[in-house]
Structures are given as structure tokens and as C-alpha cells.
Amino acid sequence: MNPYRLPDNARPSRYDITLRPDLTAATFAGTETITLTVTESTDELILNAIELELDTASLGERTLSVSYETDTERVHLSDGAPILAGEHTLTIAFRGILNDKLHGFYRSTFEDKDGEEHVIATTQFEATDARRAFPCWDEPEYKAVFSIRLVADENLLAISNGKEIGKRELGDGTVEVTFSDTPKMSTYLVAFVVGPFVETGPVETAGVPLRVIHRAGQERLASFALEAGAHYLQWLSDYYDIPYQGDKLDLLAIPDFAFGAMENLGAVTFRDSALLVDPDTASDGELQRVSEVIAHELAHMWFGDYVTMKWWNGIWLNEAFATFMEMVAQDDWKPEWKTWLGFAPARSASMALDALDSTRPVEFQVIAPHEADEMFDLLTYQKGSSLVRMLQQFLGEEVFQKGVKTYLESHAFANTETGDLWAALEQASGQPVGSIMDSWIFTGGHPQVKVDVGNNAISLSQRRFQFEQDVNDDLWEIPLKIAYGTVDGTKRINEVMTGPDITIDVGEKVEWVLANAGGHGYYRTAYSPALLDSLLEHLDDLDPLERYGLVDDAWANVIAGDMSIGDYLEMLTRFKGETEHAIWEMIVTSLGEIYHTFDQSIDGFVRDLVGPAMGRLGWEPAEEEDGLTRRLRGLLFTALGRYGKDQSVRSVAADLLPGLSGHSMDPEVLRAVIAVSASAGIADYNGFFSMYRDADTPQEKMRYLHALPLFPDPDLADRTFSMAMDGRIKSQDGPFVIGRLIGNKDAQRVVLDRFMGAWDTIVSTFPPMLIRRTFGMLWTATRYTSEIHAFFDGKSVKHADKALAQQLENLDAMTAFRARAEADLVAYLS
Ligand code: BES
Ligand code: ZN
């Protein structure tokens with residue numbers, strides 16, 4: 001028995017909730033009437049509530065007494081007499097606080113142009129924090145209809161999931177706003193927001209009005225979100241031919257927000273930078289980020305809000321699908337962004353995590369609430385969506401779409417488990433989807449496929465891929481896509497590999513083989529040196545995603561000790577002529593890892609590798625140049641300036657510095673100049689901090705915020721650390737800044753001292769969900785490995801235990817890599 005789970009003897013069907021937030025006192029009071037069915041006579045009702053005072057509770061005419069079970073975030077209600085099976089109404093009056101931890105019902109603040117502070121009350125309930133705002137059956141399976149009323153100052157805007165259907169003046173300067181009933185949905189999707197907001201005029205899409213809700217002064221930042229939101233809602237309704245279930249859709253920009261965004265039905269909340277953007281000054285990449293987040297959250301209106309996982313072990317059904325659909329939708333809307341290719345680096349990041357022993361299966365047991373929160377990681381999102389993509393490519397796009405439509409329709413307003421999805425896809429495809437996919441969803445890690453040729457045959461073998469090699473007999477059912485070259489051209493084989501090895505007789509001489517054709521398979525490949533060489537001879541015949549995979553797999557093999565770093569760097573020289581942004585991003589990421597890990601400088605190598613590509617592009621974009629080429633320029637400029645310590649790039653950056661706030665520069669160049677001048681220590685630190693604080697657009701703010709941790713001067717790193725801790729940098733941003741500071745190679749000693757000294761404060765003051773962001777770059781601290789282990793020994797952090805174990809193992813892997821490869825690196829570079 002899981003002590004956190006509610007007994008299944010009572011089911012709510014409807015909540016009528018009235019809430020009165022007091023923005024100045026940071027408290028709220030509420031009343032609710034819950035209509036519920038008791039299925040089996042019981043002595044008590046058990047439901048969730050935490051950090052709430054229940055003043056009264058009554059069941060019909062009966063008064064119930066309350067006992068709190070704080071450890072498991074539940075309350076017991078009873079009057080000693082049996083509560084009989086049948087329908088009941090439970091009425092509760094309660095009070096709580098508007099907390100500052102960015103979860104539950106919380107307080108968010110902002111300063112206007114005149115420096116005056118304003119307060120907002122807003123909610124974030126996923127995974128298990130609705131119970132902080134009203135007592136409820138706070139598990140995704142207890143779906144109900146919610147009728148919300150908010151009492152607020154008449155000058156404030158009040159928003160909830162449904163349309164406003166009534167407004168009553170209460171005579172004391174407040175109004176009571178009533179919202180329409182929601183569809184039947186889970187508690188974690190309820191939202192209410194009260195604050196000094198401005199709304200855009202509504203745009204009609206998919207039969208409902210769409211608005212963006214923002215603060216005064218942000219008017220010109222809302223147009224792109226309106227356009228993208230209108231497009232995606234309509235497109236998603238059409239794609240599965242299933243209507244959107246809300247009666248309106250608001251997209252709200254919340255000044256303090258733990259995540260990127262949250263898919264509350266009809267009232268999607270965002271952090272500023274994920275919603276508001278100035279199309280005139282933003283870069284293509286920044287616009288794409290906003291597009292992706294909107295597409296993702298709107299995909300949840302079907303995947304999550306309409307059909308919901310039964311329990312948090314199945315959260316991948318929500319998040320992997322929203323991530324997958326975000327890309328399908330965006331790829332259709334803006335093919336020029338090459339969404340699937342652009343996703344590859346995120347997939348690589350998940351594979352790197354998944355190469356550790358401390359990885360976990362995508363679907364994983366969840367008991368306590370903080371374990372539910374820990375599920376929102378690269379494995380759920382990036383691995384999960386990569387597996388969905390692999391399956392879609394294997395089954396075919398149309399068959400896949402049809403199966404998913406059946407899945408959605410047959411579980412409307414209900415809850416599902418992973419097997420329900422496989423069943424629908426098996427029905428649509430006639431393929432053994434469950435048996436193939438279970439091996440991916442329920443097994444941690446992923447395989448490496450070793451490739452050999454000989455005697456007119458291709459032989460393949462699989463074993464689990466891990467950075468620190470481990471003996472392991474896990475096997476996957478791998479939907480292989482193989483391409484190979486013969487005298488009369490390229491041929492293809494699709495084959496599900498179920499055993500440890502197979503030999504495929506092709507009856508003719510094989511000149512080269514690609515074991516992940518199309519590049520959508522979630523597995524590593526390892527070729528013999530001769531085979532790899534023949535592939536490199538055919539680079540021009542490969543798709544971009546296939547070329548990407550070659551570099552990506554090679555780099556993973558280097559960290560795992562299967563390939564030498566010298567061979568890898570030599571291989572990179574074959575990519576000097578590459579033009580795809582995503583492939584360069586992969587290359588630059590690996591150069592960054594080398595930069596962080598080794599004492600040996602690689603600046604000369606970086607200049608030789610990247611310089612020619614930069615030279616082809618020039619400092620300034622050509623007229624009519626496409627967005628990805630502009631992004632590539634920014635990326636190469638940053639790589640040359642940071643890892644190449646390139647003097648000409650640094651002096652261009654220095655020349656451009658005075659014009660930074662003038663907006664005349666290409667935004668990609670501008671971003672790069674900001675990063676390079678900070679990391680070269682030639683920028684004005686105070687000026688950059690003021691830009692973070694005062695910039696007009698969220699994207700500009702972020703460019704400067706991300707630059708602050710790059711200043712090499714340890715005193716400045718120390719100051720940045722202080723600002724992240726004391727609130728001068730917002731608590732939604734501080735943990736990320738600390739994370740990046742740890743990656744500051746020149747100031748790492750100082751930063752680690754500050755970090756370890758502040759650890760207890762970090763844990764007690766930052767929003768729990770953001771704690772793991774503070775140690776996101778601990779893997780770079782390979783010079784202090786044993787000290788770090790000693791520090792964390794015996795320390796456990798709720799909400800971040802798994803992430804910490806993974807980070808420490810990653811640190812070990814990089815430390816071993818450093819010891820193993822340093823001599824080889826020095827030899828190659830000399
Ligand atoms: N459902 C999540 C928000 C969330 C994250 C709730 C973690 C609880 C814990 C939302 O749909 C989401 O996935 N947001 C992402 C952005 C998205 C574009 C990947 C985020 O906030 O990072
Ligand atoms: Zn999501």
C-alpha cells in the first residue's frame with residue numbers, strides 16, 4: 001500500500017469553489033462544495049490538503065471533524081458514524097497562504113516602469129499542488145467538473161479555466177467573478193489568476209476566443225503568441241479531427257514562474273520569455289522557442305487535458321506526446337526551421353543521461369509527491385518523444401496518426417496506461433507494437449549497435465551503451481533502418497532486431513553501411529574504423545540527420561572509451577564544409593565539453609575547424625539570408641570567441657559593444673557579441689546587469705542574464721552568485737544562473753566554495769522544482785571530484801535526489817574520461 005494514495009471508496013464529480021485571495025496579506029480564504037459518490041460505506045473521508053487550515057467541514061447536515069496527516073499531505077474527515085454508499089455533498093471552509101515557492105496558490109510580483117511594485121496571485125498545480133489551494137482528491141484519475149468563483153479587487157483581472165459568465169459587485173470595492181463549468185478534468189489542470197493584467201482583444205480560432213494576458217506596457221510583445229496560438233489550436237483540432245474542449249483559451253504571462261509553461265485547460269500560464277516576444281528584434285531561434293512552447297502546451301489540450309495518464313508513472317504519455325506533437329505541428333507550420341533536425345541535440349542530451357547507470361526507465365514507479373516532480377526530466381520529454389518518433393517512422397505517419405486518433409477517442413475525458421496506447425496502435429498497424437515498445441519504455445538505457453560487413457553480409461550486434469562499461473544483458477527490440485551502398489547504388493532494409501545479433505545476407509559486396517538510416521533510431525552505432533571511413537567518404541549521400549548521428553555517436557563513443565579523442569577530432573576535420581546549424585551545434589557542444597574537461601587548450605584546433613565556416617558566412621548577414629544560416633553565424637561566432645579565443649572575433653565583439661542597446665545589429669550576432677564579450681571579460685559587468693534588470697523584452701533580458709555567469713573574473717562570479725541568492729536576480733532565474741556559474745572554468749574554485757557554503761540555503765529558499773538547476777553543470781568540476789563527493793555524501797534533496805545522483809555519476813564519467821584521454825589529446829594537438 002502506498003501511504004500517499006487516496007482510498008478508492010469515494011469519487012468526486014463536481015467542485016464548486018469560491019476563493020478570496022488577499023494580495024497584500026498574501027493569504028486566501030475559500031469555500032467549496034464537493035459533490036461525491038461514496039462507493040462503499042466508510043467511517044471517514046480521506047482527501048488531500050497541505051498548508052491549509054480547514055475551519056469547518058460538513059457532509060450534508062453533519063459536521064465532520066478534521067484530522068491532519070501532514071506527512072502524506074492528507075486530511076481525514078469524520079464524525080465517528082458511518083458514511084453510507086451513495087451521493088453526498090461535502091462543504092469545506094478553509095484558509096491558506098499565498099506562498100513564494102512558485103507552486104500551489106502563490107504570490108508573484110513585478111515592478112512597473114515607475115518602480116512601483118504590483119502583486120499577482122496565481123497557481124501552479126502540476127504535479128501535486130492543487131492540494132495547497134483547496135482540499136481535493138488530488139490524483140489525476142479523480143476527474144471532475146470545476147465551477148470556480150473568484151473574489152477580487154474590482155480593478156484587477158481575474159482568470160480561470162472557463163469563460164467569465166457572471167460578475168457581481170460586493171459593495172466593498174471587490175467583485176465576485178463566476179466562470180463557466182470546466183469539462184471533466186484532473187485537479188492538476190485547475191488554474192486561477194488575479195492581478196493587474198491587460199488582455200489583448202480576442203482572436204477566434206477553433207471556434208473559441210483566444211487572448212494573451214500580459215502586463216501594461218507589454219502590448220507589442222503579444223502579437224506573435226496570438227498568431228502562433230491561433231494557428232496551433234486550429235491545426236491540432238484538425239489533425240485528429242477532435243474539437244478543443246474549452247470554451248475559450250487564454251495564454252497568460254506570469255512574472256514569476258518555475259517552468260516554461262503549464263497546460264491548464266483554457267488558461268495556459270507561461271514565464272514571460274516563453275510567451276512574449278518582439279518579432280522585430282528577436283532572433284529566429286528566440287521566436288522558435290516561443291512557438292515550441294505554445295505548440296507544446298496546446299498539444300496538451302488533447303494529450304493530458306482530454307486524455308490523461310492514470311498515475312504519475314505514466315507522465316511520459318503526457319509529456320512525450322506533447323513534445324512530439326509540438327514538433328509535428330511546428331514542422332508543418334515553419335518547415336524552414338527544420339524542427340526534427342533541430343531537435344537532435346536535445347535527443348543527444350537525453351542519450352547522454354541515459355548512458356549512465358543511474359538513468360531510469362521512461363515509465364518508472366512513483367510513490368511520494370516529490371517523486372512525481374522528479375519525473376519531469378530529459379527521459380520523460382526527450383527520450384520519450386524520441387521513442388515516439390522512432391515508432392512513428394517505423395509504422396508510417398498515416399497509420400500512426402490513425403492509431404493515436406483511436407486512442408484519444410476511446411479514452412475521452414478518461415485516464416490511460418501505456419498499454420492502452422499500444423493497443424490502439426496495434427489495431428491500426430497490425431504490428432506487435434506493445435512487444436517492441438515495452439522494451440524501450442520499461443528498460444533504462446539504450447543499445448549500441450555494432451556493425452560489421454564481410455562475405456556479402458551485414459552483421460549487427462547489440463548491447464547496452466554506457467559511459468562506464470558495465471556487463472549487462474538487457475536487450476531491445478530495435479526497429480532498424482539500414483542503408484548500404486553497392487556497385488549499383490544505395491539499398492535499404494527495415495528489420496526489427498530482437499536478439500543479441502543478426503547477420504543479414506545481401507548477396508553482393510557492401511561498400512558502406514549506415515545502421516541508423518534516417519537518423520530517427522534511439523540507439524548508438526559503432527563502426528569499425530574502415531566502415532566509418534567509407535561512410536565519411538559518402539558524407540554527401542547522407543541526410544543531415546544521418547550526418548548528425550555520425551558525429552553524435554562518435555562523440556558518445558569517445559566518452560565511453562570506444563574511440564580515441566584524436567580520431568574524433570580528426571573526424572571533425574571532415575565536417576569543415578558542413579552548413580547545417582544542428583550539426584555544428586553538436587560539434588560545438590563536444591568542443592565545449594573538451595574545453596571544460598581538459599587543461600590542454602584546444603583554441604588553435606577550434607580556430608582551424610570553425611574559422612573557415614565563419615569566413616564563408618562573414619560577420620554580417622547577407623540580404624534575404626535564411627534564419628538558420630543566421631543562427632549558424634551566431635553559433636560559430638560564439639564558439640570562436642569562447643573556445644577558440646579568436647582575436648578577430650573578440651575585437652569585432654569589442655567594436656560592436658558600444659552599439660549593443662541600439663538594436664541595429666542582427667539579433668543572432670548581438671546575442672553572440674554579448675556572450676563573447678562577457679566570457680572574454682571585456683564587457684561592462686554593471687551595464688550588463690542593468691540590461692538584465694531593465695531590458696524591454698524578455699529575450700533581451702535573457703541574453704544578458706545568460707552572459708552574467710560567463711565573466712571570467714572570480715570577483716564578478718562571486719557577485720553574480722550573491723545576486724542569484726539575494727533576490728536581485730529573480731528566484732525563477734537564480735538556480736539557472738548558479739548552474740551556469742559552476743561551469744565557469746576561470747572562477748570554478750570560488751563558485752564551488754560559495755555553492756557548498758550556500759547549499760542549505762539553496763535547498764530551503766529556492767522553489768523545490770528549481771533546486772536541481774543549481775547543479776546542472778557540476779559535471780564540469782572534474783578537478784574537484786572527490787571533494788564534491790565528500791560534500792554530498794549522505795545529503796539527500798527531495799525533488800532532486802535522482803538528478804543529483806545522475807549529476808555525480810556524470811562527474812565521475814567525465815573525470816575518468818579526463819584521466820584516460822588527456823595524453824591522447826595532447827598528442828593529437830601537438
Ligand atoms: N506540464 C509541463 C509543466 C510542468 C513541468 C509541470 C514540470 C510540472 C512539473 C508543461 O507542459 C511543460 O512541459 N513545460 C515545459 C516547456 C515545454 C515546451 C517542454 C517546461 O516548462 O519546461
Ligand atoms: Zn508539457
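User: Before anything else, what does buried mean here, as opposed to exposed?
Analyst: Buried means under 20% relative accessible area, exposed means over 50%, and partly exposed lies in between, with a 1.4 Å probe and protein chains only. By that definition His296 is buried, and so is His300.

User: What kind of model is this, and how is it numbered?
Analyst: This is a predicted model, in which local features need pLDDT of at least 70 and side-chain atom pairs count only at pLDDT 80 or more, while totals for chains, interfaces and linings use all residues. Residues are numbered from 1 along each chain as its sequence is written, chains are lettered from A and ligands numbered from 1 in the order in which they are written, and side-chain values use heavy atoms, without hydrogens and water.

User: Which protein donors hold the zinc ion?
Analyst: His296 (NE2), His300 (NE2) and Glu319 (OE) are the protein donors of the zinc ion (ligand 2), at 1.9 to 2.1 Å from it. Donors are N, O and S atoms within 2.8 Å of the metal (3.2 Å for Na, K and Ca); water is not among the atoms, so sites may look incomplete.

User: What spacing do they follow along the chain?
Analyst: The donors of the zinc ion follow H-x3-H-x18-E. His296 and His300 are separated by about one helical turn because they are four residues apart in helix 2 (residues 284-300). An α-helix has 3.6 residues a turn, so residues three or four places apart point the same way.

User: How many helices and strands are there?
Analyst: The protein chain has 24 helices and 29 strands. Helices (H or I, at least four residues) and strands (E, at least two) are DSSP runs, numbered from the N terminus.

User: How much of the chain is buried?
Analyst: Of its 830 residues, 61% count as buried. The C-alpha trace spans about 85 × 65 × 55 Å along its principal axes.

User: Switching to helix 21, how many of its residues are buried?
Analyst: Seven of the nine residues in helix 21 (residues 734-742) are buried, including Val737, Ile738 and Leu741.

User: Which helices do they pack against?
Analyst: The buried residues of helix 21 pack against helix 19 (698-707), helix 20 (714-726) and helix 22 (748-765). Contact means heavy atoms within 4.5 Å.

User: And Ala424, where is its place, and which residues does it touch?
Analyst: Ala424 lies in helix 8 (residues 418-429) and is buried, with a relative accessible area of 6%. Ala424 touches Gly403, Thr406 and Tyr407, leaving aside residues up to four places away in sequence.
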